[in-house]
2 protein chains.
Amino acid sequence: MKSTSARHAKELVEKIGIAVEKAGFQPAVGRVLASLLVSDPPYRTFDDIQRFLGISKSAVSTALNALMAREMVDYITLPGDRKRYFQLAAPGLISQMKRKIGLHSALPELLREVVKARSNKYPEFNRSLLETIEFISFMEKEISAAIEKWETLKLKKS
Amino acid sequence: MKSTSARHAKELVEKIGIAVEKAGFQPAVGRVLASLLVSDPPYRTFDDIQRFLGISKSAVSTALNALMAREMVDYITLPGDRKRYFQLAAPGLISQMKRKIGLHSALPELLREVVKARSNKYPEFNRSLLETIEFISFMEKEISAAIEKWETLKLKKS
DNA sequence: CTTTTAGTTCTGTATTTGCAGAACAAAAAG
DNA sequence: CTTTTTGTTCTGCAAATACAGAACTAAAAG
């Protein structure tokens, strides 16, 4: 079973790695995350990961620490075993996504500053800037509303 | 007036440039975009931009073409004037944002593949993966609903 | 035709990024 | 104590990025 799906797993890891990379992480971070996604069992030691991915210890260490800093990965330990068993932390994954979707940077605030600083000689241009700001604010509100909706939905289920 | 706010404008351009850069563009692209935001008048020639930013022609050319490819900038021409006057295209800006918010690549699809490929030996892990997928799908739906809401809102206003 | 203008494309380079490999550290094992 | 294990941190390099400057192009002006 493991051997039959091993190739598929590797391919999946590559594809997921790229997707995570596009979300703004380093390539190695994406691969480490991906390896923990497909891993069966879902927890792996430092050098399980290193061997599976064939990358250096420093890359694994940096990646795991980056992921742990964002609470996307944590680890367990077993009695009488010095190793740490790293595993995905799904709640951390979800809050990471919330963060990424949610606050759209300083842009709206900066755009407001722009409009304030502009002359009123080109009202049509200023109006379209205001509309852009309006759109961003609207989306921010809608998104945080959606997140709350999701959370109350989850609360009801439990 | 222009001279008193000139410094403020330059600072704003830098700050906006960085914000745009963080959104995944090259530094020079961010600055060109920003310079068109604060520019009064809102349209500028190629070498207005070059002189204002103090960067090379190639950088300006590449940046403008990148922005035009995404329809975030366009240009007008004046009769008997060979120059192009570049300006921000607010609708393009907004649709660019829609695309960027409108989410998140192949990830949910890949996660579904992961779940399918996984054994059922660790049901709790699989369950939490499913919840993550659910969250992403939920947010995608909510976001596109919000965008539609915005669009009908805009239609009514006109 | 030649020259100028307005921009594009190419070539080289400085900077940044991302990782390997080695040196290092801390704690446990022997 | 010494050795082994489980990582971490540092040093250096290879590749990718982003831009400058120069060469080039197309169209208009003269």
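Helices (H or I, at least four residues) and strands (E, at least two) are DSSP runs, numbered from the N terminus. This is a predicted model: local features need pLDDT of at least 70, side-chain atom pairs count only at pLDDT 80 or more, and totals for chains, interfaces and linings use all residues. Residues are numbered from 1 along each chain as its sequence is written, while chains are lettered from A and ligands numbered from 1 in the order in which they are written.

**Stop 1: chain A**

Select chain A. There are 7 helices and 3 strands. From the N terminus on, they run α-α-β-α-α-β-β-α-α-α. The radius of gyration, taken over C-alpha atoms, is 22 Å for chain A. The globule rule (2.2 Å times the number of residues to the power 0.38) gives 15 Å for 158 residues, so chain A is more spread out than a compact globule. Along the principal axes, its C-alpha atoms fill a box of roughly 70 × 40 × 30 Å.

**Stop 2: chain B against chain A**

Now add chain B. A rotation of 180 degrees, with 0.0 Å of shift along its axis, superposes chain B on chain A (RMSD 0.1 Å). The fit is by least squares on the C-alpha atoms of residues with pLDDT of at least 70 in both. The two copies are thus related as by a two-fold rotation axis.

Select the residues in contact (C-beta atoms, placed from the backbone, within 7 Å). 42 residues of chain B touch 43 residues of chain A. On the chain B side, α1 (2–22), α2 (27–38), α5 (90–101), α6 (107–117) and α7 (123–157) each give two or more residues. α7(B) gives the most, with 13 residues.

**Stop 3: DNA strand C**

Show DNA strand C. Which residues come nearest to this strand? They are Ser56(A), Ser58(A), Phe46(B), Ser58(B) and Arg84(B), out of 20 around DNA strand C. Near means a C-beta atom, placed from the backbone, within 6 Å. α2 (27–38) and α4 (57–69) of chain A and α4 (57–69) of chain B each supply at least two residues. The largest share, 6 residues, comes from α4(B).

**Stop 4: DNA strand D**

Move to DNA strand D. 20 residues surround this strand, and the closest are Ser58(A), Pro27(B), Ser56(B), Ser58(B) and Ala59(B). Here α4 of chain A and α2 and α4 of chain B each supply at least two residues. Which helix gives the most to the surface near DNA strand D? α4(A) does, with 6 residues.

Conventions: Two residues are in contact if their C-beta atoms, placed from the backbone, lie within 7 Å.
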